[in-house]
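User: I have a structure to go through with you. I want the reasoning behind each label, not just the label.

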Amino acid sequence: MSILLLDLPPEHHAAGSAFWAGATGRTAEPDADDEKWASLGSFADGWHVEVQRTGEGTPPRWHVDVETDDIPAEVARLEALGATRHADMGSFWQLLDPAGLVFCVVGVQTGDEFDRHAVTWP
């Protein structure tokens with residue numbers, strides 16, 4: 001499972017949410033428990049597109065969240081493929097791909113969809 005996030009600073013969050021909702025033909029559903037999040041829902045094969053309001057000074061960017069039920073094992077697997085650890089965020093890891101692009105390894109966030117679309121690695 002993977003999640004594509006649109007990281008938008010506060011001054012761009014509302015306009016960006018509206019744009020991507022329109023661009024995808026989806027409704028940006030606000031998260032009832034966290035005002036920083038809105039979901040555009042699941043796309044093909046379990047892909048989600050989310051809109052995240054980031055802190056001041058964070059440039060607009062894309063990043064991917066890789067969902068896993070074993071964060072340390074997934075971080076190790078991705079490091080073996082060429083990723084490097086960037087920041088320990090407490091409950092998840094922020095990594096860099098070989099080109100320096102930020103992505104995160106997070107715990108399961110999509111509930112039943114995770115089981116339906118997850119890849120089991122040997």
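Analyst: What follows takes the sheet, its pairings, the core and the aromatic rings in turn.

User: What kind of model is this?

Analyst: This is a predicted model.

User: What is the strand order of the open sheet, and what makes β2 and β6 its edge strands?

Analyst: The order is β2-β3-β4-β1-β5-β8-β7-β6, with mixed pairing across 8 strands. β2 (29–31) and β6 (84–88) each pair on one side only, and that makes them the edges. Neighbouring strands are turned by 30 degrees against each other on average, direction ignored.

User: How do you know that β2 and β3 are paired?

Analyst: Pairing needs at least two bridges. β2 and β3 (residues 34–42) have 3 bridges, in the antiparallel sense. They therefore count as paired. Pro30 has Ala38 in β3 as its bridge partner.

User: Why is the pairing called mixed? Take β8 and its partners.

Analyst: Strands of a sheet can pair either parallel or antiparallel. β5 and β8 pair in the parallel sense over 4 bridges. β7 and β8 run antiparallel, also joined by 4 bridges. Both senses occur, so the sheet is mixed.

User: Which residue of β8 is the bridge partner of Val64, and which that of Leu95?

Analyst: For Val64 the partner in β8 is Phe103. For Leu95 it is Phe103 as well.

User: What lies between β7 and β8 in their hairpin?

Analyst: 5 residues. Gly100, in the turn, has a positive phi of about 95 degrees.

User: What makes β8 mostly covered?

Analyst: Buried means under 20% relative accessible area. In β8, 4 of 5 residues are buried.

User: Which residues make up the largest nonpolar core, and which element gives the largest share?

Analyst: Val66, Ile71, Val75, Leu78, Ala83, Leu95, Phe103 and Val105, 8 residues in all. α2 (71–80) and β8 (102–106) each supply at least two. The largest share, 3 residues, is from α2. Another core, of 6 residues, lies apart and includes Leu8 and Val49.

User: Which strands does α2 touch?

Analyst: α2 packs on the sheet and touches β5, β6, β7 and β8. Its direction makes about 145 degrees with that of β8. Within α2, Leu78 is in contact with Ala83, Leu95, Phe103 and Val105, leaving aside neighbours within four places in sequence.

User: How do you know that Arg85 lies over the face of Trp93?

Analyst: The distance cut-off is 6 Å from the ring centre, and the charge must also be within 35 degrees of the ring normal. Arg85 is at 4.8 Å and is placed over the face. It therefore qualifies.

User: How many aromatic pairs are there?

Analyst: The count is 0. A pair would need ring centres within 6.5 Å.

How values were computed
Residues numbered from 1 in each chain as written. Predicted model: local features only at pLDDT ≥ 70, side-chain atom pairs only at ≥ 80, totals over all residues. Heavy atoms only, no water. Core = buried A, V, L, I, M, F, W, Y, C linked by side-chain atoms within 4.5 Å. Buried < 20%, exposed > 50% of the residue type's maximum accessible area, 1.4 Å probe, protein only. Contact = heavy atoms within 4.5 Å. Phe/Tyr/Trp six-rings, centres within 6.5 Å; stacked < 30°, edge-to-face > 60°. Axes fitted to C-alpha atoms, helices over the stretch in contact; angles between N-to-C directions.
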